Amino acid sequence: MQFLNDFQQIKIEDILPFFPDFVTIDHFKDAICSSLEEYNQHINELKTEMQEATESAENIRQDIHEMKNRYGVVEADKKCVSCSFPLLTRAFYIFPCHHAFHADCLVDEVLPHLKGKQRKKLEQLKKKLYRMDDPSPRPGSRNRENDPRIMPEDSFEKLKADQDELVASECVLCGEYMIRSIDQPFITPEEYDDVIKSWE
C-alpha cells in the first residue's frame with residue numbers, strides 16, 4: 001500500500017483488477033476506506049458547488065424579472081447626453097445609470113466602438129430603419145414597399161430589436177465601451193494639426 005502513498009494519482013480501484021481473486025479485503029481495508037472518504041468529500045464539494053450555482057441562477061432570474069418591471073421617470077426638461085437637445089423630441093434610450101440618449105445619437109456614439117461585422121450590421125440597420133421612418137418618399141426615391149434593399153422579413157420591430165441588442169446592452173458612457181477606450185487619445189491623428197493650430 002506504500003505504492004499508493006508514493007503515487008497520489010493512482011487510486012486503489014486502479015490496482016484492484018491486478019490482484020488475484022483469493023486476496024482478502026483486509027489487505028486493502030485502510031486504502032479502501034481512505035478512497036471512499038475522498039470520494040465522499042469530493043461529492044460534498046460538488047453538492048456545495050451545485051447549490052451555489054443554483055442560488056446564483058435564481059438571483060440572475062430575479063434580477064432579470066426586476067429589470068423587466070423597472071422604469072424611469074423622464075423630466076420634461078431632460079436633455080440628450082450626446083446632442084444636448086430635449087430628450088422627448090424623438091425616440092430615446094435611458095439607462096439605469098440615468099444617462100439618456102436620442103436613439104440616433106446613441107447609434108452614432110456606439111458605432112466608433114464597434115468593429116468588423118458588428119459595425120457593418122449596425123450601419124445597415126441604421127439605413128434600413130431610416131428608410132422605414134420616411135412616411136412620404138420624395139419623387140424618384142424608394143419607399144419600403146419597392147426598395148429591394150429592404151427584405152420582406154425585415155419588419156420594423158425586428159430591426160429595432162436587432163439595433164437594441166447592439167446599442168442598448170450597456171451605457172456607452174459608463175459601461176465596458178468606456179473602459180475599453182481608456183487608452184485611446186482624446187484627439188485623433190486626423191484632428192491633431194487642427195487642434196494645435198487652434199491653440200496658437
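This report describes the nonpolar core, two surface patches and two backbone features of a predicted model.

Residues are numbered from 1 along each chain as its sequence is written. Local features need pLDDT of at least 70 and side-chain atom pairs count only at pLDDT 80 or more, while totals for chains, interfaces and linings use all residues, and side-chain values use heavy atoms, without hydrogens and water.

The largest nonpolar core (buried Ala, Val, Leu, Ile, Met, Phe, Trp, Tyr and Cys residues joined through side-chain atoms within 4.5 Å; buried means under 20% relative accessible area, exposed over 50%, partly exposed in between, with a 1.4 Å probe and protein chains only) has 23 residues. Phe101, Leu106, Val110, Leu122 and Val167 touch the most other members. At least two core residues come from each of β2 (100-102), α4 (103-110), α5 (116-133) and α6 (156-167); α4 gives the most, with five.

On the surface, Leu88, Phe92 and Ile94 make a nonpolar patch of about 240 Å². Ile94 belongs to strand β1 (residues 92-94) and is partly exposed because its relative accessibility is 32%.

Two residues that are not glycine have a positive phi. Most residues other than glycine have a negative phi.

| Residue | Phi | Loop | Relative accessible area |
|---|---|---|---|
| Ser84 | about 65° | between α3 and β1 | 46%, partly exposed |
| His98 | about 80° | between β1 and β2 | 58%, exposed |

Definitions and conventions
Patch = residues over 30% accessible without salt bridge, like charges linked within 9 Å, V, L, I, M, F, W, Y side chains within 5 Å. Areas by Shrake-Rupley, 256 points an atom, 1.4 Å probe, with all protein chains shown as cover. Salt bridge = Lys/Arg side-chain N within 4 Å of Asp/Glu carboxyl O. Helix = DSSP H or I, 4+ residues; strand = E, 2+ residues; numbered from the N terminus.
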